[in-house]
Amino acid sequence: MLVLKNKDAQTKAQLQQAGARIAEQAKGGVVSSQKPAYLVLERQFGHPSGLLGALIGVAMAIEHAVLHWTAVNRLSLSTSDRVLEVGFGPGTAIKLASMRAGFVAGIEPSREMVAQAIRRNKSAIRAGRVEILRASAEAIPFPNDSFSVVYEANSFSHWESPERGLAEIFRVLRFGGRLMMVLRKGHSELESEIMRVARGLSRVGFRQIGFEEHGFGHGGVFITARKY
Ligand SMILES: C[S@@+](CC[C@H](N)C(=O)[O-])C[C@H]1O[C@@H](n2cnc3c(N)ncnc32)[C@H](O)[C@@H]1O
C-alpha cells in the first residue's frame with residue numbers, strides 16, 4: 001500500500017526540480033530536438049487515430065496484455081457481474097472479462113480502437129455478451145445503476161473532464177458496485193495523479209478507496225473503490 005502523507009509539498013518541489021532540469025536541457029537543445037516526435041506519440045497514446053493510431057493499438061494490445069490479465073483476475077468476476085470498461089483501447093481486457101462475467105460493455109472515443117475491439121470480440125458481440133460503443137467517460141450512454149463493476153486502465157489522464165468522468169462512472173455503477181482503475185508511471189508525476197484520482201473519487205461519492213503498486217511496464221498503481 002502507498003502512503004500518501006505530506007505529498008503536496010513534496011510533489012511541488014519535485015515539479016519545480018523537473019521544470020528546472022527541462023529548462024537546463026532545453027538550453028542545450030536536447031529537449032527541443034526530441035519534442036515533436038515525443039508529442040506526436042504521446043498524443044496518439046491518448047487519442048489513437050489514423051494509421052499510426054491503429055499501429056499503437058496493436059502495440060498496446062501486446063504491451064498491456066499481462067497487466068490486463070492480472071487486473072481482470074483481481075476483479076474475481078462471476079457470471080452475475082455486468083462489467084463496463086472505459087477507454088478500452090484495442091479491447092484486450094474486454095475479451096478477458098467476457099470469459100468470466102455475464103455481460104461486458106465498453107466505451108471508447110477512438111474510431112480505430114472501436115474497430116480493433118470489435119474485431120477482437122466478434123463472437124461474444126454476436127452472442128450478445130459484449131457491447132462496444134463509441135463514447136467518452138464524460139457521457140456514458142447507459143442508464144443509472146447498470147453495472148456491478150467498472151474497469152479503466154491508462155486512460156484517465158487523457159479524459160477531457162476527469163471529474164465529470166468519475167461522476168459518470170459513479171452514476172452507472174450499482175449500489176455496492178466496484179471500480180478498478182489502473183494508472184501508469186508516465187511523464188506526469190504518479191503520486192500527484194494518484195492524489196488527484198483519490199480526491200475526485202471521494203468527491204463524487206466513492207468509498208473504500210485503496211491503492212496498490214504494480215510493476216508492469218514502468219510501474220504504476222491499481223486503484224480500487226466502491227459505491228456505498
Ligand atoms: C493509453 S490508451 C489505453 C488503452 C487501454 N485501456 C489499455 O490500457 O491498453 C488510452 C485510451 O484512452 C482513450 N480515451 C481518451 N480520452 C478518453 C475519454 N474522454 N473517455 C474514455 N476514453 C478515452 C483513448 O482513445 C485511448 O484508447
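This report walks through a predicted model, starting with its sheet and ending with its ligand.

## The sheet

A good place to start is the open sheet, which has seven strands in the order 3-2-1-4-5-7-6 and mixed pairing. Strand 3 (130-133) and strand 6 (206-214) are the edge strands; each has a single partner strand, so one side of each has no neighbour in the sheet. On average, neighbouring strands of this sheet are turned by 15 degrees against each other, direction ignored.

If sheets are new to you, one idea helps: strands of a sheet pair through backbone hydrogen bonds, either parallel or antiparallel. Both kinds can be found here, as the next two pairs show.

## Two strand pairs to look at

Strand 4 (residues 147-153) and strand 5 (residues 173-184) run parallel and are joined by six bridges. To find your way along this pair, look for A153, which stands opposite V182 in strand 5.

Strand 6 and strand 7, by contrast, pair in the antiparallel sense, over seven bridges. They form a hairpin with five residues between them. In the turn, G217 has a positive phi of about 60 degrees. H214 has G220 of strand 7 as its bridge partner.

## Helices on the sheet

Helix 4 (residues 65-74) packs on the sheet, where it touches strand 4, strand 5 and strand 7 (220-227). The direction of helix 4 makes about 155 degrees with that of strand 4.

Helix 8 (residues 162-172) lies across five strands that you have now met or can easily locate: strand 1 (82-86), strand 4, strand 5, strand 6 and strand 7. Helix 8 runs at about 145 degrees to strand 5.

## A pair of crossing helices

Two packed helices are described by the angle between their axes and the distance between the axes. For helix 3 (residues 50-63) and helix 6 (residues 111-120), the axes come within 9 Å and cross at roughly 45 degrees. The two helices are therefore oblique to each other, and their crossing is right-handed.

Helix 3 brings G53, A54 and G57 to the contact, while helix 6 brings E112, M113 and Q116. By type, the residues of this contact divide into two nonpolar, three polar and one charged.

## Around the ligand

Which residues are the closest to the ligand? They are G87, G89, S110, A137 and S155, out of 23 residues that surround the ligand. The shell around the ligand divides into 10 nonpolar, 10 polar and three charged residues.

Methods. Residues numbered from 1 in each chain as written. Predicted model: local features only at pLDDT ≥ 70, side-chain atom pairs only at ≥ 80, totals over all residues. Near = placed C-beta within 6 Å. Nonpolar A, V, L, I, M, F, W, Y, C, P; charged D, E, K, R; others polar. Pairing = 2+ DSSP bridges. Helix = DSSP H or I, 4+ residues; strand = E, 2+ residues; numbered from the N terminus. Axes fitted to C-alpha atoms, helices over the stretch in contact; angles between N-to-C directions. Contact = placed C-beta atoms within 7 Å. Parallel < 35°, antiparallel > 145°, perpendicular 65-115°, else oblique. Left-handed = near helix turned anticlockwise from the far one by under 90°.
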